[in-house]
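Student: I should like to request a close look at a single part of this structure. Could you please take me through it step by step, and then place it in its surroundings?

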Amino acid sequence: MLIRRLRRAAAASRSVLIAALVGLLALPAPRAGADSTFTFHGMGWGHRIGMSQWGAYGLALEGWSAGAIVRHFYTGTTVGVPPSKPGRVRVGLIQGQTALHVKAEDGKVELRLGSPGGELIRAIPKGATWTIEVQSGKYRIVSAKGNQIGGLWGGPWRHLFLRYVPLGSRVRITEAGHAYGRGWVELNVYPSGAPNLLRAIANVPARQYPYGVAEVSSSWPGAALRAQVLALRSYVFEKIARLGQHRTGCNCAVYATTADQVYAGWDKESGFAGDRWVDAVDDTAGKAILHQGQPIQAYYHASSGGVTEANEDQWGGSPLPYLRSVCDPGDWTGVNPYATWSVTLSGTAVGAMLEAATGKDVGQVTGFSGVVRGAGGGLRSITANGTDGSVTVGGTTFRSALGLRSTRVWVNSNRTIKGEIREKYDALSCAPGLPKSAEVDQTGGHRQRFAVGALYHNHTRGLVRWLFGAIHTKYVALGEGDGVLGMPRSGIIEMAKLNGERTRFEAGFVYWKAATGAHEIHGRVVDHFLANGKIAAFGFPTTDVIVKANGVQRADFDKGWRIRCPPAKACTQIAL
């Protein structure tokens, strides 16, 4: 029975896709001339959709395999070889430049016109940096000594290529910030108003593309690295299948930035622990994350803050079956710098930031209302109330406008989940649901409320317990840790043969079954109960402990007994 209730509680907390924030009502307007101050308490960094990179790190430390990690974050997926794959990947290295500075490393780099094997213009000598500019819609090439190489070359329909692989060399493009040693680099002159501009595209074999992706440290656990490779490979395969290799703006399949995936080329595979990254790529060669046999849109992010978000809750649109909100028990690792954070801003600053993002001037922001959240706790929408009006914005816009790390944020209420309570929350697969309070002191420990019950940290015994349902309701009515029972020693224990449940506390018990409801026993009554047969002898309590004016303590039980404890006399049991 308890297991079924736990499952129902966990399912309920995951199935509520939209939850109105409790307690974040409009704050009172400040006195004339005063400015409000808001502290934004948050968890995680990024859009929080798909795989959490720090979550993968933590799960890898716990012994999870790469396959288990990606199947956890991408619901209903498998890992395998897709039915079709692109042969090459066009990577947009840099755009919008008036000039590019190109350096030949470990050998010469050829400049060829029209194709990688086209007309040879000249070779940049080893160690030299040449400049490529746009003049009259064509390429102007200037040597390291400032001499122009020939006349003007090519143009928008005849591209310039940097060739280095057959020569055993590499090319470094200063404006892109990296060196490249695979495939070739294509330069385009393209119209962008006046003047024309330059862009650079790396064209690499698809099997080699992951070598240069620099999304996580190569020193991370091997399973986390392999999970990252599977995600990035799936991402690019799906994007090429859906959008092709010549997207407007970059003439590429993917950008080399966080707009898609950070691509550092040779600097990644030759950098610190680069051999570990290369091994991760080789270990997963050709494999991707699949849903119904096809590569998925394998979005990922730095840190979920403990729970990922469903794609429609952050970005709108149709739900994707593999981008569901899931618990992220690996995110709470001591080295994750984004697990929790806070930012403090004035009402005037918030108003100005929102005006810049929305075009609406609400004046000095004095409070917030109408908060709507997704299943993972991220803001879907929020209304900012100001001295000159109100504006409602989506969660992603709010995050961007205020420069917040994620949308999993609370205003002037620190509902971040951390420490021992976070560890228990993760162990429960986030079944308690969204936090509904800050962590607060209780006699003998701490407490934090959630959508389903509360977690209690008993400092005396160094343990955390989850209480919910009728037993928790009774415990709250009795004052929780500050009441007669003290902090819990157990969670809710199922008594299956008796169709009931119980929880043990430092100073007593609460018992529950449908026929009697939840009742507590403590003090001398519970001592007599434990010493004289417990449930088998007395049954379930039908009353709490009642203390009479004369100091007598008593409680009744459903097997027809009353335990009565007069002051300074032994307790007795009386048949009712």
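Tutor: The account that follows starts with one strand, moves outward through its sheet, and then turns to some loops and a pocket. Please keep in mind throughout that this is a predicted model.

Let us begin with strand 14, which covers residues 184–190. Six of its seven residues are buried, so the strand is largely enclosed by the rest of the structure. A residue counts as buried here when its relative accessible area is under 20%.

Strand 14 has a partner on either hand in the sheet order, where it is listed between strands 11 and 15. With strand 11, residues 160–163, the pairing is antiparallel and rests on three bridges. One pair to find in the model is Phe161 and its bridge partner in strand 14, Glu186. With strand 15, residues 197–205, strand 14 is joined by seven bridges, and these two strands also run antiparallel. Here Trp184 stands opposite Asn203 of strand 15. Strands 14 and 15 form a hairpin with six residues between them, and in this hairpin Gly193 takes a positive phi near 75°.

We may now widen the view to the sheet. Seven strands form an open sheet in the order 8-7-11-14-15-5-16, and the pairing within it is mixed. Strand 8 (119–124) and strand 16 (254–255) stand at the edges; each has a single partner strand, so one side of each is left without a neighbour in the sheet. At the strand 8 end, five bridges connect that strand to strand 7, residues 109–113, in the antiparallel sense. Within this pair, Leu111 lies opposite Arg122 of strand 8.

Just before strand 7 there is a loop that deserves attention. Asp106 is located in the loop between strand 6 (99–105) and strand 7. Most residues other than glycine have a negative phi. Asp106, however, has a positive phi of about 60° although it is not a glycine. Its relative accessibility is 45%, so Asp106 counts as partly exposed.

A second residue may be set beside it. Gln292, in the loop between strand 17 (288–291) and strand 18 (294–295), has a positive phi of about 55° and is likewise not a glycine. Gln292 counts as exposed because its relative accessibility is 75%, and the cut-off for that class is over 50%.

Is a loop residue such as Thr416 buried or exposed? Thr416 is found in the loop between strand 24 (409–411) and helix 10 (419–427), and with a relative accessible area of 3% it is buried. The side chains of Thr416 and Asn414 are joined by a polar contact of 2.5 Å. Leaving aside residues up to four places away in sequence, Thr416 touches His41, Gly42, Met43, Thr340 and Gln448.

Finally, consider the largest pocket, whose volume is about 440 Å³. It is lined by 18 residues, and those closest to its centre are His47, Thr258, Asp260, Tyr300 and His301. Helix 4 (222–243) and strand 19 (300–301) each contribute at least two residues to this lining. By type, the lining comprises nine nonpolar, five polar and four charged residues.

To return to the part with which we began, strand 14 is largely enclosed by the rest of the structure, and its seven bridges to strand 15 and three to strand 11 give you pairs to trace in the model.

Methods:
Residues numbered from 1 in each chain as written. Predicted model: local features only at pLDDT ≥ 70, side-chain atom pairs only at ≥ 80, totals over all residues. Heavy atoms only, no water. Buried < 20%, exposed > 50% of the residue type's maximum accessible area, 1.4 Å probe, protein only. Helix = DSSP H or I, 4+ residues; strand = E, 2+ residues; numbered from the N terminus. Pairing = 2+ DSSP bridges. 1 Å grid on protein atoms, 1.4 Å probe; cavity = no way out; pocket = protein on both sides within 12 Å on 5 of 7 lines; lining within 4 Å. Points joined across faces, edges and corners; volume = space filled by probe spheres on them. Nonpolar A, V, L, I, M, F, W, Y, C, P; charged D, E, K, R; others polar. Polar contact = N/O pair within 3.5 Å; in protein donor to acceptor, adjacent residues only side chain to side chain. Contact = heavy atoms within 4.5 Å.
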